Amino acid sequence: MAVTAQQALGIGRRPLRVGRIRYGLWWLDQTTAGARSRIRAVMDGVVLAGREVRWAAELSVRTTVSQIDYARPGPWSDRRLLLCATALAVGALAVALVLGFGVAHWVMTESGSLPFAAAGALAVGLVLLPLAYLVFASRRGGH
C-alpha cells in the first residue's frame with residue numbers, strides 16, 4: 001500500500017528495505033525500552049544508596065579512629081589481665097575449632113565450603129587486628 005500511495009502522489013522514492021537481523025534488533029530495542037529505563041532508574045537508586053552507605057562507613061571509621069587515638073587506658077590489675085587473657089584464649093580456641101571443621105570439610109572435596117573457610121580466615125584477621133593494635137600501639141607526642 002505504501003508503494004501505491006507514493007506512486008499516486010508522484011513520489012519517486014521507494015521505501016527503505018531493512019534486513020531481518022536489523023529489523024529484529026530494532027524490534028528488540030523497542031520492546032525492551034521500558035524495562036531498560038526502569039532498570040536504569042533502579043540502578044541509579046542503588047548507586048545513590050551505595051554512596052550514602054560508603055559515606056556513613058567512612059564517617060564511622062574516622063570517628064572510631066579518633067576516639068581510639070584519644071583513649072587513655074588505665075592500668076589493669078592482675079586479676080583483670082588474667083580474665084582478659086582467658087577470654088581471648090577461649091575465643092581463639094572456638095575460632096580454631098570452627099575453622100578446623102570448615103577446612104576439614106573443604107579438604108574432603110566439599111565444593112560449597114570455600115566461602116566458609118574464607119569467612120573464617122576473615123574472622124581470624126578481624127580478631128587479630130585489635131590484638132595487634134593493643135600490642136604495638138604507641139602514643140605519638142608527649143604525655
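Here, buried means under 20% relative accessible area and exposed means over 50%, with partly exposed in between. Keep those cut-offs handy, because V95, at 25%, falls in the partly exposed range. We'll get to V95 at the end of the tour.

**Start with the whole chain**

What you have open is a predicted model, so colour it by confidence before anything else. The mean pLDDT is 76, and 73% of the residues reach 70 or more. Where is confidence lowest, and where is it highest? Helix α1 sits at the bottom with a mean of 54, while helix α3, residues 33-69, comes out on top at 88.

Now switch to a cartoon view. You'll find five helices and zero strands, so to speak an α-α-α-α-α run from one end of the sequence to the other. Try a surface next: about 13,000 Å² is accessible, and carbon and sulfur atoms account for 69% of that. How much of the protein is buried? Just 3% of the 143 residues count as such.

**Select Y23 and W26**

Zoom in on helix α2, residues 20-31, which holds both Y23 and W26. The two are three residues apart, or about one turn of the helix. Show their side chains, and you're looking at the one aromatic pair that a search of the whole structure finds. The rings of Y23 and W26 are tilted, with 35° between the planes and 5.7 Å from centre to centre. Are these two buried or partly exposed? Y23 is partly exposed at 47% relative accessible area, and W26 is partly exposed at 47% too.

**Add V18, W27 and L28**

Keep Y23 and W26 selected and add V18, W27 and L28. Together these five residues make a nonpolar surface patch of about 560 Å². To find V18, look in the loop between α1 (2-9) and α2. V18 counts as partly exposed, with a relative accessibility of 46%.

**Select D29 and R36**

Time for some charges. A search of the whole structure turns up two salt bridges, and the stop here is one of them: the side chains of R36 and D29 meet with 2.6 Å from N to O. Both partners are partly exposed, R36 at 35% relative accessibility and D29 at 37%.

**Select E58 and R62**

Move along to helix α3 for another salt bridge. R62 pairs with E58, and their closest N and O atoms are 2.6 Å apart. How far apart are R62 and E58 along the helix? They are four residues apart in α3, so about one helical turn separates them. The accessibility of the two partners falls into separate classes: R62 is exposed, with a relative accessible area of 55%, whereas E58 counts as partly exposed at 36%.

**Finish at V95 and V127**

For the last stop, select V95 in helix α4, which covers residues 78-107. With 25% relative accessibility, V95 is partly exposed, as promised at the start. Now add V127 and draw a distance between the two C-alpha atoms. V95 and V127 are 32 residues apart in sequence, and their C-alpha atoms lie 9.4 Å apart in space.

Conventions
Residues numbered from 1 in each chain as written. Predicted model: local features only at pLDDT ≥ 70, side-chain atom pairs only at ≥ 80, totals over all residues. Heavy atoms only, no water. Buried < 20%, exposed > 50% of the residue type's maximum accessible area, 1.4 Å probe, protein only. Areas by Shrake-Rupley, 256 points an atom, 1.4 Å probe, with all protein chains shown as cover. Phe/Tyr/Trp six-rings, centres within 6.5 Å; stacked < 30°, edge-to-face > 60°. Patch = residues over 30% accessible without salt bridge, like charges linked within 9 Å, V, L, I, M, F, W, Y side chains within 5 Å. Salt bridge = Lys/Arg side-chain N within 4 Å of Asp/Glu carboxyl O. pLDDT = per-residue confidence, 0-100.
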